[in-house]
Amino acid sequence: MRNERDEWEIPGGYIEHGETPTQAVTREVKEELGITPPTGRLLVVDWAPTPAEGDKQLFVFDGGVLDRHWLDRIVLDQDELAGYGFHEVAEIGTVTILRLAQRITQGDRARREGATLYLESGEVVA
């Protein structure tokens with residue numbers, strides 16, 4: 001959970017100049033959780049307009065299942081995070097904002113189906 005918000009978030013942040021999306025996810029997970037587990041395949045790309053910051057493209061990669069080896073090594077960035085937790089996909093809408101819940105739900109679907117999904121504002125575009 002981020003310090004400045006009441007809702008849960010997934011690890012992430014902005015891509016830095018010259019950085020690929022996979023490099024960014026590896027860096028952000030390392031900065032926020034102190035670990036570098038393997039990054040799996042791309043599950044979701046979501047186009048998300050925000051009035052304050054402009055249009056964004058958000059990437060969700062498969063983080064896999066963290067076994068005890070990774071869980072025991074988590075060290076939170078105290079400046080950014082107040083805690084971490086694991087939630088069932090079916091209940092994700094109760095702990096985070098709607099658009100992120102949709103992104104996570106569609107990421108779970110993409111993982112199960114072996115697909116990559118393109119979303120606009122959290123909704124699948126066929």
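Which residue in β3 is the bridge partner of W47? In this predicted model, that partner is E120. The pairing belongs to a parallel arrangement in which strand β1, spanning residues 42–50, is joined to β3 over four bridges.

Strand β3 covers residues 117–120, and its side chains alternate between two faces. L117 and L119 are directed to one face and are buried, whereas Y118 and E120 are directed to the other and are not buried. Such a pattern is in keeping with the general rule that side chains in a regular strand alternate between the two faces of the sheet. β3 also pairs with strand β4 (residues 123–124), here in the antiparallel sense and through two bridges. E120 takes part in this pairing as well, with E123 as its bridge partner in β4. Together, β3 and β4 make a hairpin in which two residues lie between the strands. In the turn, S121 adopts a positive phi of about 55 degrees.

The nonpolar interior was examined next. The largest nonpolar core comprises ten residues, namely V25, V29, L33, I35, F61, W70, L71, I74, L76 and L81. Helices α1 (21–33) and α2 (68–71) each contribute at least two residues to this core, and the largest share, three residues, is supplied by α1. W70, a member of this core, is in contact with I35, T36, P37 and P38 when neighbours within four places in sequence are set aside. A second core, separate from the largest one, consists of six residues, among them V44, V60, L117 and L119. The buried residues of β3, L117 and L119, are thus also members of this second core.

Terms used: Residues are numbered from 1 along each chain as its sequence is written. This is a predicted model: local features need pLDDT of at least 70, side-chain atom pairs count only at pLDDT 80 or more; totals for chains, interfaces and linings use all residues. Side-chain values use heavy atoms; hydrogens and water are left out. Buried means under 20% relative accessible area, exposed over 50%, partly exposed in between (1.4 Å probe, protein chains only). Two strands pair if DSSP finds at least two bridges between them. A nonpolar core is a set of buried Ala, Val, Leu, Ile, Met, Phe, Trp, Tyr and Cys residues joined through side-chain atoms within 4.5 Å. Contact means heavy atoms within 4.5 Å.
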